[in-house]
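Hi,

Here is the structure I promised to pass on to you. Have a look at it first, and my notes follow underneath.

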Amino acid sequence: MSTDKITFLTNWHATPYHAPLFLAQAKGFFADEGVKVAILEPNDPSDVTEIIGSGKVDMGFKAMIHTLAAKARGFPIVSVGSLLDEPFTGIVYLKSSGITPDLGSLRGKRIGYVGEFGKLQVDDLMAHHGLAAADYTPVRCGMNVTRAITRGDVDAGIGLDKPPTSSSPTRAPPGPPSFAYLSRDLKNVPRDWDKVTRYGRRLGVLGDDFVPNYTNDFLDWPLDPDSADPADDQRRMADLQKDVACRGGFKRLGAAEVVEV
């Protein structure tokens with residue numbers, strides 16, 4: 001039995017950054033292009049790349065590092081677009097926990113993570129800041145890191161520093177932030193893929209001769225040019241996030257200035 005529908009697997013249950021997919025479905029954008037899309041959700045986010053790579057579904061969402069690792073493991077996966085300009089992942093914790101931006105304050109703490117690569121990230125980050133494996137306890141939480149923190153199951157975690165859709169007691173920007181994380185053009189930025197590829201090599205997930213698996217060939221609209229000064233972009237983005245945390249608004253980092261949209 002066959003179907004003319006395209007199957008699309010999200011990386012978890014419906015989440016704010018999935019909005020473009022669900023909006024396209026609800027507003028009939030797929031139908032306008034003559035495309036039928038069946039949107040599926042996984043019970044375990046760690047299954048997503050294997051399900052896509054084995055051809056059981058057609059397309060899906062997954063982070064760069066998982067996409068790269070899937071190719072390294074022999075799955076014929078290619079990224080055809082990037083949903084987010086900047087990931088909103090970071091170390092999150094309760095403001096009342098006594099934890100500070102100094103990662104040494106995580107000594108003796110339980111640190112939550114999502115899945116396989118989250119554990120590698122935790123260990124690498126802690127080692128980079130001088131903590132041995134015996135100095136903290138990693139705890140696998142799946143995609144519910146923030147919930148695990150608020151329940152008291154862990155003290156901190158590598159997870160989503162929530163996009164501005166609701167308030168949270170975790171250490172996210174105060175007030176009514178509304179930072180524009182979603183990409184305007186879905187462009188795969190070579191600089192970002194190079195950065196994550198180098199990180200994957202550092203984690204031991206990728207070999208020295210690994211070539212990242214992405215393309216922009218399917219994006220047939222005008223794409224934003226590459227940044228001339230990525231380091232300055234990071235500084236301006238930090239300033240933008242502080243401004244949005246204080247004053248709110250829906251703002252995006254422009255090529256040369258902050259642009260309100």
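The protein chain folds into eight helices and nine strands. Please keep in mind that this is a predicted model. Of the 261 residues in the protein chain, 36% are buried. Among contacts with a separation of 6 or more, 71% link residues that are 24 or more positions apart.

**The sheet around β1**

Three strands make up an open sheet with parallel pairing, and their order is β2-β1-β3. At the edges sit β2 (37–40) and β3 (59–60), each of which pairs on one side only. Two bridges hold β1 (residues 6–9) and β3 together in the parallel sense. Within that pairing, Phe 8 is opposite Met 59 of β3. As a reminder, strands of a sheet pair through backbone hydrogen bonds, either parallel or antiparallel.

After β1 comes a loop leading to α1 (19–26), and His 18 is found in that loop. Is His 18 buried or exposed? His 18 has a relative accessible area of 0%, so it counts as buried. The His 18 side chain makes a polar contact of 2.7 Å with the side chain of Asn 11. Setting aside neighbours within four places in sequence, the residues in contact with His 18 are Thr 10, Asn 11, Trp 12, His 13 and Phe 61.

**α4 and the loop after it**

Helix α4 (64–72) has Ile 65, Thr 67, Leu 68, Ala 69 and Ala 70 as its buried residues. These buried residues pack against α3 (48–53), α5 and α7. Just after α4, Gly 74 has a positive phi of about 95°.

Arg 73 belongs to the loop between α4 and β4 (89–93). Because its relative accessibility is 54%, Arg 73 counts as exposed. Which residues does Arg 73 contact, leaving aside neighbours within four places in sequence? They are Glu 116 and Phe 117. With Glu 116 there is a polar contact between the two side chains, at 2.4 Å. You may also want to look at Gly 53: its C-alpha atom is 9.7 Å from that of Arg 73, and the two residues are 20 residues apart along the chain.

**β5, α5, β6 and the nonpolar cores**

β5, α5 and β6 form a right-handed β-α-β unit. The strands β5 and β6 (residues 137–140) run parallel and are joined by four bridges. One bridge partner to pick out is Arg 140 in β6, which pairs with Tyr 113.

The largest nonpolar core consists of twelve residues: Tyr 93, Ile 99, Leu 103, Leu 106, Ile 111, Tyr 113, Val 122, Met 126, Leu 131, Tyr 136, Ala 156 and Ile 158. At least two residues of this core come from each of β5 (110–113), α5 (116–128) and β7. There is also a second, separate core of eight residues, including Ile 65, Trp 193, Val 196 and Leu 206. In soluble globular proteins, nonpolar side chains tend to be buried together.

Ala 156, a member of the twelve-residue core, touches Ile 91, Val 92, Tyr 93, Ile 99, Leu 106, Arg 110, Ile 111, Gly 112 and Ile 149, when residues up to four places away in sequence are not counted.

**Leu 186 and helix α8**

Leu 186 lies in the loop between β7 (156–160) and α7 (190–203). Leu 186 is not a glycine, yet its phi is positive, at about 65°. Most residues other than glycine have a negative phi. With a relative accessible area of 31%, Leu 186 is partly exposed.

Helix α8 (residues 230–247) has 18 residues. From its first C-alpha to its last, α8 reaches 25 Å, close to the 26 Å expected at 1.5 Å a residue. Which residues of α8 are buried? They are Asp 233, Arg 236, Met 237, Leu 240, Val 244 and Ala 245. An α-helix has 3.6 residues a turn, so residues three or four places apart point the same way. Just after α8, Gly 248 takes a positive phi of about 70°.

Best wishes

Definitions and conventions: Residues are numbered from 1 along each chain as its sequence is written. This is a predicted model: local features need pLDDT of at least 70, side-chain atom pairs count only at pLDDT 80 or more; totals for chains, interfaces and linings use all residues. Side-chain values use heavy atoms; hydrogens and water are left out. Two strands pair if DSSP finds at least two bridges between them. Buried means under 20% relative accessible area, exposed over 50%, partly exposed in between (1.4 Å probe, protein chains only). The expected span of a helix is 1.5 Å times one less than its number of residues. A nonpolar core is a set of buried Ala, Val, Leu, Ile, Met, Phe, Trp, Tyr and Cys residues joined through side-chain atoms within 4.5 Å. Contact means heavy atoms within 4.5 Å. A crossover is right-handed if, with the strands pointing away from the viewer, the path from the first strand over the helix to the second runs clockwise. A polar contact is a pair of N or O atoms within 3.5 Å; within protein, one must be able to donate a hydrogen and the other to accept it, and residues adjacent in sequence count only if both atoms are side-chain atoms.
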